[in-house]
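Colleague: Got a minute to go through this model with me? I'd like to poke at a few spots and hear how you reason about them.

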Amino acid sequence: MGARIAAQLANAGVPAYLFDVVPPGAYGPQRNQVASRGLDSALMAKPAAFFDPSLASMITIGNFEDDLKRLAEVDWIIEAVVEDLAIKRALLEKVAAVRRPGTITTTNTSGLPVAKIAEGFSDEFRRSWFGTHFFNPPRYMRLLELIPTPQADRPLIEAVAHFCDLYLGKGVVFAKDTPNFIANRIGTFSVLNVMRLMQEMDLSIEEVDAVTGTAVGWPKTATFRTIDLVGLDILGHVVRNLTGLVGDERSELKLPDFFHRMLERNWLGDKTQGGFYKKIRGGGDRQADRLVLDWKTLEYHPQQRPKFPSLEMARNIEETGSRLRLLLGFGSGRQAKGDRAGEFLWLALSDLWTYSANRVGEVCDSIVDIDHAMRLGFNWELGPFELWDAVGVEASLRRREQEGRAVANNAKKLLASGKTCWYQDDSETASGRRYFDFYSTNYQPVPAPAGVWSVSAAKKSRGVVKSNSGASLVDVGDGVGCIEFHSKMNAIGTDIVQLIAQVVKKGGPGDNFDAFVITNDAQNFSVGANLMLLLMSIQEQEWDEIDLAVRQFQAMTQAIKFSPKPVVAAPFGLTLGGGAEISLHAAARQPHAEVYMGLVEVGVGLIPGAGGSKEMLLRALDGAYSLAQNGRNSESVELMEAMKKTFETIAMAKVATSAYQARLVGFLSASDHITMNRERVLSDAKAAALQLVRAGYQPPQARKHIPAPGESILAALKMGIYLMRQGDYITDYEVKIGNKVAEVVCGGNLSPGTPVSEQYILDLEREAFKSLCGEPKTRERIQYTLKTGKTLRN
């Protein structure tokens, strides 16, 4: 864990020391062997701990015996050793002897009492001591629980919270110094209660996972696949932290016998190739390639798809609240009588709500802290109280009372105050919401640090200027408009293309704005063009319609590029195909650090057709000539290397797995700034747009004298394609695709240096795109992608 925290610091550009124990009898470089193995583990981790492996150079390894004196140089010391009170205290005694007075020192304990770890240490040490509980893996799990102690200096705590928010991308939640803090306290109750209900209702592992995953807005790994990923031993450890330390409802819940028997057999999940699920040797990662455990016999059997009528009906409902009301039998849609999925979920969720309400005041000060912790620490779409609101607080409490079940006193307090929901919208607050506060028995603004903002909050406070089925223009203040996508998966269709084109043109709905940003609140920026619409046109052989659609898409990206008002794209998550092309044409980009960007059209048998190939060519040419002018290599050598890289990026559908990598690939410019915190992307993009306005932004002029790489580089690229085919690495069909990519990025079979225009390259793109649409295998690839969400390599 320490190595992964160090990796996230390196991702933020912060150098770090990584110290660990000295192996018995070790000497020389071997004395750093444990720390070295930790760093190697972080480098090999999947998903990757580093934005790029090169960032590991920012970490210096050492050991507790030889290198602790270096702690006098640092600003923040994070203890992340084994969860043993005596071991932690013994190490901290050594740390206290060498650290500079006032140096922030924190523990990454996942549940030990933070104040007790430093009990008896000097007053100065305890003023700088508190808990910083990172969730694993730190790069992807955004939650950071900060645990103050009574003696801790509040300004130091606030400084760490601010740093982790801005530079480590963390959602910071303040927790009380109670066992397992917030997220693990609520999460372990939920897991143990689910296991109890599964046994009482005689449900199977796969049945429970079917109803505790995406159906309720929880990760698709649901309950038992998540435990396999985390490790049964880790869950056992977290539960043991609570045993005997709390006297709440959870104290009656224990790990079931079958769980202890799995621990005895070392069935710990993915780390031992078997837990609740077991991958078939040689199989892939599909459901059919896994066996599932029968918890009663501890024998594995092939997975079977559970059949719950209510769940089948709910699959067609996109909005989580509506889906839950159907499953639980609230509102207009009543669940099927005797449907066990609905019965199970009602008991699991209503118990969770009751437990969560009873913990406010004990583990934290507000419902907001619990909801935030569960969204960021467990990747829930909605926290417990948000889920409760979605179903209906008043109706659910009435149902529990009718069933003779316990009702949380805090929930009674809500209704006694005349309120019927935990949250309400409020256009006057930065967060756009207020929450019910138990201390004042009234609604208070949901707190949000300056710069943490969302498009949905902007809509409530500023309003929507123009909207259609796929996109909206939102006023985000100070003369900046936000173009928001809201189609399914933010796939780009005619509606999005038309709105963007209308907004950025003179005389359109964007006339009253000085600048624009393109971003949204969804999980992904955009998965690219709407393939279903394209497939329908291909099947109907509507080639003129395809030609028109590509022309309109190209016109839209050019309108972004040549808009007299700056357009800043703020991509995040999946930014693929057309989504990447939109970003490439913006005046600037303000990406989230976790952006997965790529021109992936080759994966469905096409090439980038909306200017993506053109923009990558321009970046390659400009970069090559710049390097040549600086004397690194001759112009011809630099150009060849740049064109090979560009060709490979497009032809191999490379996807950058971080903003850092996207810059290396060429999707981002050196001047594009990266936002570490997802919740700050909109504010940072708006600030970037205003900065361009203040600098007197002038749009670029369409280039008409681009020196085409031409026939010599085209021949070299085609030779590489030929050799790949001869080696049987690619098929004849992929040769066609590769040749089309090569012809476009080289400007065709022209004499090297022949001047061409941007429109000329766009025309090449469009013709290549249309010709590939006519290939039968392209249709097969698109169908496969639409069905599976993956790309097919023929």
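Colleague: Let's start with strand E5 (residues 129-134): how many of the six residues are buried?

Modeller: Bear in mind that this is a predicted model. Trp129, Gly131 and His133 point one way from E5, while Phe130, Thr132 and Phe134 point the other way. That fits the usual pattern, since side chains in a regular strand alternate between the two faces of the sheet. Both sets are buried, so E5 is largely enclosed by the rest of the structure, and the count is six of the six.

Colleague: And which residue in E6 is the bridge partner of phenylalanine 134?

Modeller: E5 has strand E4 (residues 104-107) as a parallel partner over three bridges, and there threonine 105 stands opposite tryptophan 129. With strand E6 (residues 143-147), E5 pairs in the antiparallel sense over four bridges. In that E6 pairing, the partner of phenylalanine 134 is leucine 144.

Colleague: Where is proline 137, the one joined to asparagine 136 by a cis peptide bond?

Modeller: Most peptide bonds are trans, so a cis one is worth a look. Here omega is about 0° between asparagine 136 and proline 137. Lysine 46 and proline 47 are also joined by a cis bond, with proline 47 in the loop between helix H2 (33-44) and strand E2 (59-63). As for proline 137, look in the loop between E5 and E6.

Colleague: Over to the open sheet: which strands stand at the edges?

Modeller: Six strands make up this mixed sheet, in the order E14-E15-E16-E17-E18-E20. The edge strands each have a single partner strand, so one side of each is left without a neighbour in the sheet. One such pairing is E14 with strand E15 (residues 471-475), antiparallel over three bridges, where serine 467 stands opposite serine 472. The edges are strand E14 (464-467) and strand E20 (588-589).

Colleague: At about what angle does helix H27 run to E17?

Modeller: Helix H27 (residues 681-694) lies across strand E16 (480-485), strand E17 (515-518), strand E18 (567-569) and E20. Angles here go from 0 to 180 degrees between N-to-C directions. For H27 against E17, the value is about 150°.

Colleague: Is glutamate 207 buried or exposed?

Modeller: Glutamate 207 is found in helix H8 (residues 205-211). Leaving out residues up to four places away in sequence, glutamate 207 touches Asp202, Pro306, Phe308 and Arg340. Its relative accessible area is 17%, and the cut-off is under 20%, so glutamate 207 is buried.

Colleague: Which helix gives the most to the nonpolar patch on the surface?

Modeller: The patch is formed by Met532, Leu533, Met536 and Leu786, with about 350 Å² of accessible area together. Leucine 533 is partly exposed, at a relative accessible area of 44%, and its place is in helix H21. The main contributor, with three residues, is helix H21 (residues 531-539).

Colleague: What is the phi of aspartate 728?

Modeller: Most residues other than glycine have a negative phi, so positive ones stand out. Glutamine 541, in the loop between H21 and helix H22 (543-561), has a positive phi of about 55° and counts as exposed at 55% relative accessibility. Aspartate 728 lies in the loop between helix H28 (710-726) and helix H29 (732-745) and counts as exposed at 61%. The phi of aspartate 728 is positive too, at about 65°.

Key:
Residues are numbered from 1 along each chain as its sequence is written. This is a predicted model: local features need pLDDT of at least 70, side-chain atom pairs count only at pLDDT 80 or more; totals for chains, interfaces and linings use all residues. Side-chain values use heavy atoms; hydrogens and water are left out. Patches are made of residues with over 30% relative accessible area and no salt bridge: like charges are joined within 9 Å, nonpolar side chains (Val, Leu, Ile, Met, Phe, Trp, Tyr) within 5 Å. Accessible areas come from the Shrake-Rupley method with a 1.4 Å probe; for residues, only the protein chains shown count as cover. A salt bridge is a side-chain nitrogen of Lys or Arg within 4 Å of a carboxyl oxygen of Asp or Glu. Helices (H or I, at least four residues) and strands (E, at least two) are DSSP runs, numbered from the N terminus. Buried means under 20% relative accessible area, exposed over 50%, partly exposed in between (1.4 Å probe, protein chains only). Two strands pair if DSSP finds at least two bridges between them. Contact means heavy atoms within 4.5 Å.
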